[in-house]
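Please walk through this protein model step by step, with the coordinates open alongside the text.

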Amino acid sequence: LSGRILSAAGFSGTTATDPEEFRRLALQGGFALLLSDLILTDTEALPVLQALRQAGCRTPLLVLSCKPLSEAERRAIETLDAQFMTKPFGPQVLLRRVRERLVGQP
């Protein structure tokens, strides 16, 4: 759904079908923003996102979830310099947050 909202607003994107593909694509670079659900298929996204940061990926992150964050998840997301959004949200909210993350990006 998020991809369709962004596409309708004129953004282009690439969809990863599993955590390894997400990691590989992110490390290849060329993205202005990485958008990830907190759960990637059956895998927690935080370890994948932490590995990206450790590998030098500095692309802005926007993490989505339908559940509230635990304190540990909140701290981990802050450490990643990522933004968090709780689902559900309307299209305009998503677009506003994406644009906020893109401010100042080349």
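The paragraphs below take up a pocket, a pair of helices and two points in the backbone.

The model is a predicted one. Its largest pocket holds about 920 Å³ of space. The lining of this pocket is made up of 34 residues, and those closest to the pocket centre are Gly3, Leu6, Thr14, Thr15 and Leu35. Five elements each give two or more residues to the lining: the helices α1 (2–8), α2 (19–28) and α5 (91–102), together with the strands β1 (34–37) and β2 (39–40). Sorted by class, the lining of the largest pocket consists of 20 nonpolar, 11 polar and three charged residues.

Helix α2, which contributes to that lining, also packs against helix α3 (residues 45–54). Two packed helices are described by the angle between their axes and the distance between the axes. For α2 and α3 the angle is about 25° and the axes are 10 Å apart. Angles under 35 degrees count as roughly parallel, so α2 and α3 are roughly parallel to each other. Their crossing is right-handed. On the α2 side the contact is made by Pro19, Phe22, Arg23, Ala26 and Leu27, and on the α3 side by Val48, Leu49 and Leu52. By class, the residues of this contact are seven nonpolar and one charged, with no polar residue.

The backbone has two further points to inspect. Most residues other than glycine have a negative phi, and most peptide bonds are trans. Asp81, in the loop between α4 (71–79) and β5, has a positive phi, near 55°. On the far side of β5 (82–86), in the loop between this strand and α5, is Pro88. The peptide bond that joins Lys87 and Pro88 is cis, with omega about 0°.

Technical notes. Residues numbered from 1 in each chain as written. Predicted model: local features only at pLDDT ≥ 70, side-chain atom pairs only at ≥ 80, totals over all residues. Heavy atoms only, no water. 1 Å grid on protein atoms, 1.4 Å probe; cavity = no way out; pocket = protein on both sides within 12 Å on 5 of 7 lines; lining within 4 Å. Points joined across faces, edges and corners; volume = space filled by probe spheres on them. Helix = DSSP H or I, 4+ residues; strand = E, 2+ residues; numbered from the N terminus. Nonpolar A, V, L, I, M, F, W, Y, C, P; charged D, E, K, R; others polar. Axes fitted to C-alpha atoms, helices over the stretch in contact; angles between N-to-C directions. Parallel < 35°, antiparallel > 145°, perpendicular 65-115°, else oblique. Left-handed = near helix turned anticlockwise from the far one by under 90°. Contact = heavy atoms within 4.5 Å.
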